[in-house]
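Trainee: I keep running into labels for parts of a structure and I'd like to know what stands behind them. Could we go through a few together?

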Amino acid sequence: MKRNEFIKSSGLLGAGLLLKDLSFAHSFESFPVVRVPLEKRKFHSRAVEAAISSFQKNVPNKELGWLFGNCLPNTLDTTVDFEMVNGQPDTYVITGDIDAMWLRDSTAQVWPYLQFIKEDAELKQLIAGVINRQTKCVLKDPYANAFYKDEHKISEWKSDLTKMQPGIHERKWEIDSLCYPIRLAYNYWKQTNDTTPFDKHWKDAIKATLQTFREQQRKVNHGPYSFQRTTAWATDGVPLGGFGYPIKPVGLICSMFRPSDDATVFPFLVPSNFFAVVSLQQAAIMVKQVSKDDALASQLKALSDEVARALQQHAAINHPQYGKIYAYEVNGFGSYNLMDDANVPSLLSLPYLNAVKNTDPVYINTRRMLLSNNNPFFFKGRAAEGIGGPHAGMDMIWPLSIIMRALTSRDEQEIKTCISMLRKTHGDTGFMHESFHKDDSAKFTRKWFAWANTIFGELLWEVYKTKPHLLV
C-alpha cells in the first residue's frame, strides 16, 4: 500500500490491536485513530496527555504529531499493570507482544515519563511501582533477565540448562539487566527526592548486584552461572558447557548475552561494562546518601573504578582507517569483535547513558565506523539506513538505532534526517517496530514493541523542547 493510499484507508493494524471502528481526530483528519480507545487504556497521565496536546498544536508536520500521539503513551496505554500491594505501589510492565517483564525494557519503557512526574503524582507512583517490582525481580534471581507477574507461572523455556524457577520467563545473564534498575532508581530519586522505594529490600538488591558483578569478573572461577538451550539458533546458546569462550580476568565483567538477548562472542561486552561503571557510581551515591552505608558505597565505587580502568586498557583498538575506536566485545587476551548491535546499551548509545561524551574523540571515531559499511550490521537500502543485529537477521534495521543516532548526535541535519527516516518507515501502522527491512518498511518484526514506541516519543519531545525548527 502506498503512503497516500494508507492515509485514506479506514483500516489499520497497530500496536498489536486490530481496531474495527476507526474514528478521526479533528486536527488530524487524514490519519486514522490507531491508539487504543480511552476505555481500554491501562493508565492515564494528565502530564503526558498535555505534552501530546502541546506537540500536536505547535508542530506543523501533522504526521509527526500523529506518530507522537500514538507512540509516546504506548507503554502507559498498553503494557502497565499497576496496583497497591501491602500499601506499596507495584507496577508490572510487559514489553508488548510478549507477556513478560524485562528489567531492561521496563526501565526503558517508562524512562521518558520521568520528566513529567513532578506534574503528575499518579505517574510518579506508577514509576515508584516499577522500582519496587524490579527490586523483587533482582532479589528473586539477579542472573535472570525477564520475569512473570505470577510467581508460580512456568516458562516456555523451562527446559533451559540453567537454574530456572517458576516466575522467571528467561534466565539469560546480561550486565545491563542489573544496570537499568539503578538507572531508573537514581533518576527517579534525583527528580523527586523521594526515598520511599529505597528500603532494606532495595539495598539488598544493590548488594546482590554487586555480588553478581564480582562473580562475573571471574577472577577465581567461572562463578555460579551457566546457560545452555536446546536449539538450532546459535545466538540462543552459550558454548563450552554454558560458560562461554575463555576470558583473561582483567577486571571487566562477563556478560553471556547482549541486550538483544543474543549470546556474546567474547564475554567482555564493552558497552555494557561502560554502563556498569555509570550504574555502580550512581548506586554508590544513593547507598551513601539514602541508606547511610559508607562501607557498601565504597565497595560499589571501588568496583566502578576498577572496571573503568580495565576499559581504558582493553576496550579500545587501533583501526587502520578510523584510528582509536571502541570494540564491541573483547576477551582480555587481545581478541576483539568490531560491530554494534541496535539494542541499548550499544556503542552508539554511550553518550545517552552518560558513559562517554559525544565529543570524546574515541567515541567520534567509533561512531564513524559504526555508521559505515565497516560495521557488519549497518544496513543501507531504499527505505532507510541504520544498525540492526543478529537477532532479527541481515538487512533488518532497528528503529532503536536510528532513534539513538539522533539522540546522540551533535549535527542538526543528521537529527532531522533520522526523524525523517523514522517518519517514513513506520510501515503504515502509526507505530515503531523492532526492525524493518532496509528496502521495504512494510516488512517489519513485532507489531507491538513498546520500548521503540516510547523512546521515539522521547526523541520527538526532546527535539520539540530544544530544536523545534527541526520538526517543520
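Mentor: Sure. Let's start with a hairpin: it joins E9 to E10 through three residues. Keep in mind that this is a predicted model.

Trainee: What makes strand E9 and strand E10 a pair?

Mentor: Two strands need at least two bridges between them. Strand E9 (residues 316–319) and strand E10 (residues 323–326) have four bridges, in the antiparallel sense, so they count as paired. His-319, for one, stands opposite Gly-323 in E10.

Trainee: Now the cysteines. How do you know that Cys-71 is in no disulfide?

Mentor: The count of disulfides here comes to zero. For Cys-71, the nearest cysteine sulfur belongs to Cys-418 and is 16 Å away. A disulfide needs the two sulfurs within 2.5 Å, so this pair doesn't qualify.

Trainee: And what about Cys-179?

Mentor: Its nearest cysteine sulfur, that of Cys-254, is 14 Å away, so against the 2.5 Å limit there's no disulfide there either.

Trainee: Is Cys-71 buried or exposed?

Mentor: Buried means under 20% relative accessible area, and Cys-71 has 0%, so buried is the word. Cys-179 counts as buried too, at 0%.

Trainee: Why is the contact between Glu-63 and Arg-423 called a salt bridge?

Mentor: Their side chains come to 3.1 Å, N to O. The limit is 4 Å, so the pair passes. A search of the whole structure finds 32 salt bridges.

Trainee: Which parts does the pair of Glu-63 and Arg-423 tie together?

Mentor: Glu-63 lies in helix H3 (residues 62–71) and Arg-423 in helix H14 (residues 412–424), so the pair ties together parts that are 360 residues apart in sequence. Glu-63 counts as buried at 8% relative accessibility, and Arg-423 does at 19%, which is still under 20%.

Trainee: What do you call Glu-83 and Lys-149, buried or exposed?

Mentor: Neither word fits. Glu-83 is at 32% and Lys-149 at 25%. Partly exposed covers the range between 20% and 50%, so that's the label for both. Their side chains meet in a salt bridge at 2.8 Å, N to O.

Trainee: How do the two partners Asp-90 and Lys-136 come out?

Mentor: Asp-90 counts as buried at 0% relative accessibility, whereas Lys-136 counts as partly exposed at 38%. They form a salt bridge as well, at 2.8 Å, N to O. Asp-90 lies in strand E4 (residues 88–93) and Lys-136 in helix H6 (residues 121–140), so the pair ties together parts that are 46 residues apart in sequence.

Trainee: On to rings. Why is the pair of Phe-31 and Trp-66 called stacked?

Mentor: A pair of aromatic rings is described by the distance of the centres and the angle of the planes. For Phe-31 and Trp-66 the centres are 4.9 Å apart and the planes are at 25 degrees, under the 30 degrees needed, so the pair is stacked. Phe-31 and Trp-66 are both buried.

Trainee: And what makes Phe-449 and Trp-451 edge-to-face?

Mentor: Their planes are 65 degrees apart, and over 60 counts as edge-to-face, so the label fits. The centres are 6.4 Å apart, within the 6.5 Å limit, so they count as a pair.

Trainee: How do you know that a charge sits over the ring of Tyr-352?

Mentor: The charged end of Arg-183 is 5.0 Å from the centre of that ring. Arg-183 also lies over the face of Trp-111, at 3.7 Å from the ring centre. The distance limit is 6 Å, so both values pass.

Terms used
Residues numbered from 1 in each chain as written. Predicted model: local features only at pLDDT ≥ 70, side-chain atom pairs only at ≥ 80, totals over all residues. Heavy atoms only, no water. Buried < 20%, exposed > 50% of the residue type's maximum accessible area, 1.4 Å probe, protein only. Helix = DSSP H or I, 4+ residues; strand = E, 2+ residues; numbered from the N terminus. Phe/Tyr/Trp six-rings, centres within 6.5 Å; stacked < 30°, edge-to-face > 60°. Lys NZ or Arg CZ within 6 Å of the ring centre and 35° of its normal.
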